[in-house]
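I opened a fresh notebook page for this model and wanted to record what the coordinates show, entry by entry. I kept strand pairing, the ligand site, charged pairs and backbone geometry apart.

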Amino acid sequence: MAYELKMPQLGLTMEEGTVSKWVKKEGDAVKTGDVVVEITTDKLTNEVTSEVDGTMLKIVAQEGDDVPVKGTLAWIGKPGEAVPGTGGAAAPAVPFAPAAPAVPAKPVGDKKIIVVGGGPGGYVAAIRAAQLGAKVTVVEREHLGGTCLNIGCIPTKCLLHSAELISDIKEQGAEIGVKVKGVEVDFPQVIKHKNDISKQLTSGIAGLFKMNKVAKVDGEAKFVAPGKLSVKKSDGSTEEMTADAIIVATGSINAVPPIPGLKENPNCIDSTGALSLEKLPKSMVVIGAGVIGLELACAYAAFGTKITVVEALDHMLPMLDGDLTKIGVAHMKKMGMEFNLECPVQRVDASPVGAKVVCKNKEGKEIAFEAEKVLVAVGRRANTAMLDLDAGKLDNDRGRIKVNDKMETSVPGVYAIGDCVMGYAQLAHTASAMGEVAAENIMGIEAHYDQKTNPTCVYIEPEAASVGLTEEQCKEQGLAYKVGKFPMAANGKALILNGGEGVVKIIAGKEYGEILGMHIIGPRATDLIAEGALAIGEEMTLDELIATIHSHPTVTEAMREAALQAEKRAIHTSNK
Ligand code: NAD
């Protein structure tokens, strides 16, 4: 049977390619590895090689044709061999629409939009819609900035920064020639600094609203009919509001698991409580080894709190590549944290210390952990209970609103973004990206949310970040891939910053070297991951990363070296 030459997937985000030049013509002899055709996407040009020896029997897609990934380009086989398809002819290539034009920054319309919620999803959507000419009102019942700026990302990172400074001085200080006597944590000041940063950032949003003429109503909104809201304002009045479009951006709240004795015990706190303690606890049991649990555990462990983590599953941080989790967990153990996996919590008992967390271990035996505080970090759920989704007729799954990739809900004119929607990561940058997509679609500019370039950042010690596919996912999907790794210990800057702990791991397609995933643990990982997101978004290959000069001395050099290692040409590490 003739060999079907297909349009390759040259990048994780590639959907189609254009045949720019046929190197072999019909009737030409073709050898395995011969370049047969050149393909361009809107981002790169690549040569496609043959995987068989034979003769070019039939060229299906002509020069200039757009062909979807896996669409037929040509048939190669023995001279005279029939080509599959009707009458011996292969199926024609499916033409694709041209790429969308650049999205304008200038006004394109004058619609009225209500945004419910002023977090990183809502405020970004509001500003983008206003830029495009919309008259925007944001309804917010509490603070601008939402969870992220007030009780989530930013406050946690403030605590982690104080913690990192303490650890650096204690662990590295003497070695690098910085001797400090009597280093201590001034915990109330840690909390004050966090509050100051939050305040500065949230007042910045108020300023941005003024600049973009976005109106703000202090109040809580709920649906009274599809596309119609009732807003209970902070002055006690109620107003019915409608608009050309509504964007729901109400975020998420901490889940409270039905663990007996938990609600009754004031020493059981959630992440909000852990970000505003008045006194540093001597001990803390963390229920849940997810991102929230481990980030706060790292901060408190560095401040000197004895941390015990209990987790129901047999693994932690499933969103990270396994190699990263191993390094992260080893470091956290070194910090003195204790991990108990496959140890679901059964109940919380009263204790003179604070609380006693009773779990069932692998062997089915009860084990208990006592601590001054218990941090409950078992996930977050959509904050939509007060919205009356039924009155609004919004399709949802246990409160998480169903949307398509244009952020449209089941009701025309109503959009939803961020943590309150179903099926996407609950991350601030995800919400912001969705906010821009919703605003643009409302204003008549077609936009789609694309998960593939969405990075995950975990602020444990050392930082970890991932974008694209993990090695585990490549295996599950049966992809042919190659891996390049570069240890931070071989990078000068990383060695200076944290003693060289960590690794950069790049996963690329085996044949074309397209970047499929990038995974980093080590200093600056959460900043470095932007290069991986860009590489995936722009369908870059290992060659293109390698061809880019990375500045020295920086941790970014480790990214290029990992790409080199994938091609067995690393300079500063082994290529085995
Ligand atoms: P999570 O779902 O990531 O982790 C919760 C963990 O608790 C799970 O591993 C689960 O198995 C465990 N668990 C549940 N019930 C348990 C029980 N009874 N006993 C023991 N273990 C139990 O949730 P999270 O850490 O609370 O985070 C919530 C959301 O917030 C996530 O979507 C996360 O991505 C987001 N977030 C992101 C960042 C970041 O990007 N840096 C930071 C904070 C939060």
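**Entry 1, strand pairing.** I began at Glu16, whose bridge partner in strand S7 is Pro68. Strand S2 (residues 16–22) and strand S7 (residues 66–68) pair in the antiparallel sense over 3 bridges, where I take helices (H or I, at least four residues) and strands (E, at least two) as DSSP runs numbered from the N terminus, and call two strands paired if DSSP finds at least two bridges between them. I then followed S2 to strand S4 (residues 35–40), to which S2 is joined by 4 bridges, again antiparallel; there Thr18 has Thr40 as its bridge partner.

**Entry 2, conventions.** I note that this is a predicted model, in which local features need pLDDT of at least 70 and side-chain atom pairs count only at pLDDT 80 or more, while totals for chains, interfaces and linings use all residues. Residues are numbered from 1 along each chain as its sequence is written, and side-chain values use heavy atoms, with hydrogens and water left out.

**Entry 3, an open sheet.** I looked up an open sheet of 4 strands and found the order S1-S8-S6-S3, with antiparallel pairing. Its edge strands are strand S1 (3–6) and strand S3 (29–30), each of which pairs on one side only. S3 is joined by 2 bridges to strand S6 (residues 54–59), running antiparallel, and within this pairing Val30 stands opposite Gly54.

**Entry 4, the ligand site.** Which residues are closest to the ligand? I find 21 residues around the ligand (near meaning that a heavy atom of the residue lies within 4 Å), and the closest are Ile292, Glu295, Glu311, Gly379 and Cys457. For polar contacts I used pairs of N or O atoms within 3.5 Å; within protein, one must be able to donate a hydrogen and the other to accept it, and residues adjacent in sequence count only if both atoms are side-chain atoms. A nitrogen atom of the ligand lies 2.8 Å from an N or O atom in the side chain of Glu295, an oxygen atom of the ligand lies 2.9 Å from a polar backbone atom of Ile292, and a nitrogen atom of the ligand lies 3.1 Å from a polar backbone atom of Ala312. The protein covers 77% of the 860 Å² of accessible area that the ligand has on its own, with areas from the Shrake-Rupley method and a 1.4 Å probe, and for residues only the protein chains shown counting as cover. Helix H6 (residues 291–303) gives the most to the shell, with 3 residues.

**Entry 5, charged pairs.** I count 21 salt bridges, each being a side-chain nitrogen of Lys or Arg within 4 Å of a carboxyl oxygen of Asp or Glu. Arg128 forms one with Glu440, their closest N and O atoms being 2.7 Å apart. The pair links distant parts of the chain, with Arg128 in helix H1 (residues 122–131) and Glu440 in helix H9 (residues 428–442), 312 residues apart. Are these two buried or exposed? Both Arg128 and Glu440 are buried (buried is under 20% relative accessible area, exposed over 50%, partly exposed in between, with a 1.4 Å probe and protein chains only).

Asp323 and Lys485 also meet through their side chains in a salt bridge, at 2.9 Å from N to O. Asp323 lies in helix H7 (residues 322–334) and Lys485 in strand S30 (residues 481–487), so this pair ties together parts that are 162 residues apart in sequence. Lys485 is partly exposed, at a relative accessible area of 35%.

I also recorded a salt bridge between Arg347 and Asp349, with the closest N and O atoms 3.1 Å apart. Salt bridges that share partners join Asp321, Asp323, Lys326, Glu471, Lys475, Lys485 and Lys505 into one network.

**Entry 6, backbone geometry.** The peptide bond from Glu461 to Pro462 is cis, with omega near -5 degrees, and Pro462 sits in the loop between strand S28 (456–458) and strand S29 (464–468). The bond from His552 to Pro553 is likewise cis, with omega near -5 degrees. Lys70, in the loop between S7 and strand S8 (72–77), has phi near 75 degrees, a positive value in a residue other than glycine, and at 60% relative accessibility Lys70 counts as exposed.
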